[in-house]
Structure formats: C-alpha cells, structure tokens
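Student: Please pick one part of this model and take me through it closely, residue by residue. After that, I would like to see what else is worth looking at in the rest of the chain.

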Amino acid sequence: MDAIKKQLSRLPKFGISKSFSLAHPHAAAGFVVLASFTGMFLGPGLTNSYGVFEEEYENLYSNSNTGAKGSISPAISIGAVHLASNYLFTTIAGALCERLGMGLTTFVGALMVGTGLLTAGFCTKVWQLVLTQGVLTGAGVGTIFIVVSTIPTSWFSKNQGFLIGLVHSGSGVGGLVLAPLTRFLINTHELSGSVKILGLVLAAGLSVISLGMASKPDELFDQEDEDSIDAVSSTGDNVSEHKASSLAKKRMSVRSFGVRDVRGTGGVLRSQEFWYLNVAVMLAEAAFYVVLFFLPVFSIGIGLSSEQGALITGVANGATIIGRIAIGYVADVAGNINMFLVTQLLVTLSCLFLWFPAKSFTMMMVFACTFGLFAGSLTPMVPLCSVTLFGQSGLANNVGLLGIGMVLTTSAAPVVARVFYEKLGQSGGGYGTVALLCGGIYFVATVSILALRMCVSRRLWTKI
C-alpha cells in the first residue's frame with residue numbers, strides 16, 4: 001500500500017496550485033466554480049443532449065432497416081449502457097478523487113470522453129457503439145460529474161445551495177446548446193464526422209478545466225476556525241476562550257463530518273440516514289428520466305404534434321436550469337433536507353394532478369414548467385444533503401456511493417415504464433399509466449426523505 005501511495009505521489013499535478021490558493025483564496029474559489037460549471041456544461045450536458053444521437057442510431061440500426069426480428073431496436077442499448085456506465089463510474093471516481101486529486105481525476109475523465117467519442121466515429125456495429133459511446137464515454141461523463149458536483153462546496157461555508165445550484169444548471173444549459181449543435185454537425189459532417197468533432201472539442205475543453213480544479217487547502221480551513229474563535233470571543237457575552245474554542249471545534253466537526261459525525265466509508269454505509277437518502281435519490285433519479293423519455297410519446301398520444309412534444313420536453317429541460325439555482329438559493333435559508341422533501345412532494349403532486357389528467361397543450365406546458373422547476377433540483381440536492389449529513393470530508397466518495405443504486409434504477413425504470421405503457425396503456429388504461437407510475441415512484445421517494453428528515457430531527461421548524 002505504501003508503494004502504491006509513493007507511485008501515486010509521483011503522478012503529475014493538475015489544478016490550481018496550493019500557493020496560489022493560499023495567496024488568492026477568493027480568485028481560486030472563483031476559478032473552481034467557473035471550471036465546475038463548464039464541466040457540467042460539457043460532461044453531463046452531453047448526456048442530456050443524447051436524444052439527437054438516439055434518433056440517428058434508431059434510423060440506422062432499427063430492426064426494420066437491418067432485417068432483424070423483434071419489436072425493440074438494439075440501438076436503445078447504447079443510451080442505456082451510457083447512462084448505467086455514467087452512474088457506475090461516479091462510485092469509482094469518488095474513490096479515485098481521494099487518491100489522484102480532483103484535477104488529475106478530471107483529466108482522466110476528459111480522456112475517456114474524448115476517446116469514447118473518437119472511436120465511436122469509426123464504429124459500424126451496435127455492439128461497438130455500446131463499448132465506445134456507451135461504456136467509455138459514459139464512464140468519462142460520470143468521472144467528470146463526481147468532481148464538478150462536489151468540489152465547490154469545500155470552498156464556501158455560506159450560500160452553498162445557490163452555488164451548487166448554479167454549477168448544476170450547467171448541465172441543463174449544456175443540453176440546450178449541445179443538442180442543436182450536434183444536429184448542425186450531423187447535417188453538415190454526417191454522423192461519424194460529428195461524433196469525431198465532438199470528441200476532439202470535448203476532450204480539449206474538459207482537459208482545460210482540469211487545470212481549474214483544486215480542493216481547498218487545510219490552511220484556509222484552519223484560518224476559518226481561528227476566525228470563528230475570535231468571533232465568539234468578541235461577542236461581549238463573557239465567553240471564555242476555552243468555551244469559544246469548543247464552540248468553534250463543534251462547528252468544524254459538523255462542517256467536516258456532518259450532523260451525525262460519521263467518519264469513513266464504513267461509517268457512512270452503516271448509518272440509516274445514508275440508506276434513506278440512497279432510496280430517495282435512486283428512485284427520484286429514475287423517475288426523472290422516465291418523465292423526460294415519455295413526454296414526447298405522451299404528447300403525441302393525447303393528440304399533439306411531434307413539434308409540440310419536442311417543445312414541451314425542451315421547456316421541461318429549460319425549467320430545470322431555473323429550478324436548480326432558485327431551489328439552491330432557498331435551501332440556504334430553509335435547509336437542504338427540508339427543501340429536498342418539499343420539492344419531491346411537489347413533483348409527486350404534479351405527476352398525479354397535472355400530468356395524468358392533461359389532455360391539452362396548455363396543461364402539458366404547465367406540467368413541464370412545474371416538473372422541471374422542482375424535479376431539476378434533485379442533482380444539486382444530492383451533494384448538499386450529503387454535506388449536511390456526513391460533512392465535507394470524503395464528499396466525492398459519499399456521493400459516489402449513492403451512484404451504485406442509480407445504476408440499477410435508471411437502467412430498469414425506462415424498460416419498466418415501457419412495459420406498463422405497452423401492456424396497460426394501449427389496452428384501455430391510456431397514456432396516463434406512465435404518469436401514475438412516475439407519481440408512485442416519486443411518492444415512495446418522498447416518504448423515504450420524510451423518514452430521513454424525522455431520523456435527523458423531529459422538530460418541524462428546524463433548519464436541516
């Protein structure tokens with residue numbers, strides 16, 4: 001083990017230097033936030049725009065074009081594997097961050113994204129695309145995500161919700177920009193050429209942002225602790241220096257190890273709070289993708305045009321940008337777990353009482369805005385709730401642990417929803433069957449968050 005650590009220490013260093021961070025902490029924090037937003041734009045933003053590739057692969061590799069038997073196109077496996085690999089590697093990359101550092105881990109993710117897309121441009125079979133754009137590119141996106149979604153929290157003790165929401169809004173902006181850009185590249189350079197160009201551009205861009213990644217130095221944390229002691233001592237409340245030091249250390253413990261003072265991976269996995277959060281996250285994330293996948297199908301099913309269905313889906317994605325920033329800002333005041341509970345409850349109600357009975361374009365637009373506004377807050381809530389429960393120490397690893405369950409649910413949920421639709425929706429149940437399924441999944445997730453909230457504190461108006 002010591003030999004491995006020695007070899008790792010010899011690897012090249014990426015990211016903002018420690019000397020610069022100590023000399024210019026505010027500038028370093030700004031660079032980290034900007035790099036994280038850009039990483040969300042280029043990494044998860046690529047996944048959010050995958051629908052453009054899905055359409056092209058369906059046209060190329062559908063059973064009707066290849067002569068294969070079966071009702072389900074094999075091309076759907078490319079996107080499914082991409083998503084599963086994405087979440088699987090959040091777990092692996094979480095542990096990698098602790099050993100390689102944030103900057104080098106980001107660079108590794110950039111290489112995987114670029115290599116996966118470049119090699120996909122030379123593929124002519126579905127199984128080849130599954131390995132390249134599915135496994136390799138998905139792994140790279142998951143690696144990028146775990147870094148950019150967790151690193152900004154270490155630099156800010158205040159307004160974490162707003163900043164994390166701002167960073168996570170980058171994935172929504174990326175989806176809105178990269179989808180039409182991909183379509184333009186396909187129209188001008190064909191499918192294979194567009195994939196290669198995106199591979200080069202994303203690899204270069206993500207490699208550059210790796211230079212802006214760095215964890216907050218311990219010396220800055222120590223200075224904050226000293227400032228806390230001075231602040232408590234200068235209140236004029238006749239507080240002794242020993243008492244002030246104890247209060248400051250308590251705040252430091254909550255910051256580092258959370259409200260439960262749980263330390264290490266084993267301690268996190270043994271805590272019931274982790275499992276309540278895990279169940280809620282993996283169910284809510286699965287339902288989120290089911291809604292986005294089925295909005296166009298549902299819209300056409302109630303008599304709307306394909307253009308209107310695409311517009312509704314675009315509005316839902318756009319609303320997530322506003323929701324992630326706004327909900328993050330409110331979470332700074334109301335508490336992260338409290339806001340997670342409220343938003344998932346509102347998403348549940350919107351699926352059951354807005355989506356299910358919707359029969360018009362207006363109602364679908366109302367649902368899309370409501371759903372995107374509240375459901376989009378899920379991704380920033382994951383690291384924020386993890387910080388609240390388990391602190392800043394080992395955050396990347398803790399968030400990565402939550403990705404294990406999402407590998408299963410995000411891969412299975414669209415398939416289950418398709419079965420519900422084909423077996424029940426077309427035999428009299430209507431397209432609302434999927435809406436009820438999503439509402440039910442969100443309801444179970446909400447109950448799990450409520451259990452988490454009660455586990456931490458039973459006081460109704462406590463900020464948690």
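Tutor: Happy to! One cut-off will serve us throughout: a residue counts as buried when its relative accessible area is under 20%, as exposed when that area is over 50%, and as partly exposed in between. Phenylalanine 274, at 2%, is therefore buried, and we will come back to its ring later. Please keep in mind that this is a predicted model.

A little context before we zoom in. The chain has 20 helices and 0 strands. Of its 464 residues, 52% are buried. If you take the contacts between residues at least 6 apart in sequence, 80% of them join residues at least 24 apart. The accessible surface is about 20400 Å², and 66% of that belongs to carbon and sulfur atoms.

The part I would choose is helix α10, residues 160–209. A good place to enter is arginine 183, whose side chain forms a salt bridge with that of glutamate 56, at 2.9 Å from N to O. Arginine 183 lies in α10 and glutamate 56 in helix α5 (residues 51–61), so the salt bridge ties together parts that are 127 residues apart in sequence. The search of the whole structure turns up 1 salt bridge, so this is a pair to look at with care: glutamate 56 is buried at 17% relative accessible area, while arginine 183, at 24%, is partly exposed.

Now move along α10 to isoleucine 186. With a relative accessible area of 8%, isoleucine 186 is buried. Setting aside neighbours within four places in sequence, isoleucine 186 is in contact with Val52, Glu56, Leu191 and Ser194. Glu56 thus appears again, here as a contact of isoleucine 186, having already been the salt-bridge partner of arginine 183. The C-alpha atoms of isoleucine 186 and phenylalanine 53 are separated by 9.2 Å, although these residues are 133 apart along the chain.

Glutamate 190, also in α10, deserves a second look at its backbone. Most residues other than glycine have a negative phi. Glutamate 190 is not a glycine, yet its phi is positive, about 65°. This glutamate is exposed, with a relative accessible area of 58%.

Further on comes lysine 196, whose charged end sits over the ring of phenylalanine 122, 3.9 Å from the ring centre. Past the helix, glycine 212 is found in the loop between α10 and α11 (218–233). Glycine 212 is buried at 13% relative accessible area, and its C-alpha atom is 9.5 Å from that of methionine 102, 110 residues away along the chain.

Let us now turn to the aromatic rings. The structure holds 10 aromatic pairs. One of them joins phenylalanine 274 and tryptophan 275 edge-to-face, with 5.0 Å between centres and 85° between planes. The two partners differ in burial: phenylalanine 274 is buried at 2%, whereas tryptophan 275 is partly exposed at 43%. Phenylalanine 288 and tyrosine 289 form another edge-to-face pair, at 5.6 Å and 80°, and here both residues are buried. Ring pairs also link Phe288 and Tyr289 with Trp355, Phe367, Phe371 and Tyr442 into a cluster.

Beside Phe371 in the sequence is threonine 370, in helix α17 (residues 361–375). At 21% relative accessibility, threonine 370 counts as partly exposed. Not counting residues up to four places away in sequence, threonine 370 touches Ser350 and Leu354. From C-alpha to C-alpha, threonine 370 and threonine 320 are 9.4 Å apart in space and 50 residues apart in sequence.

Last stop, the surface. Val342, Leu345, Leu346, Leu349 and Phe353 form a nonpolar patch there, with about 430 Å² of accessible area together. Leucine 345, one of its members, belongs to helix α16 (residues 336–355) and is partly exposed at 42% relative accessibility.

If you go back to α10 now, start from arginine 183 and its bridge to glutamate 56, then follow the helix to isoleucine 186 and on to glutamate 190 with its positive phi.

Conventions:
Residues numbered from 1 in each chain as written. Predicted model: local features only at pLDDT ≥ 70, side-chain atom pairs only at ≥ 80, totals over all residues. Heavy atoms only, no water. Helix = DSSP H or I, 4+ residues; strand = E, 2+ residues; numbered from the N terminus. Buried < 20%, exposed > 50% of the residue type's maximum accessible area, 1.4 Å probe, protein only. Contact = heavy atoms within 4.5 Å. Areas by Shrake-Rupley, 256 points an atom, 1.4 Å probe, with all protein chains shown as cover. Salt bridge = Lys/Arg side-chain N within 4 Å of Asp/Glu carboxyl O. Patch = residues over 30% accessible without salt bridge, like charges linked within 9 Å, V, L, I, M, F, W, Y side chains within 5 Å. Phe/Tyr/Trp six-rings, centres within 6.5 Å; stacked < 30°, edge-to-face > 60°. Lys NZ or Arg CZ within 6 Å of the ring centre and 35° of its normal.
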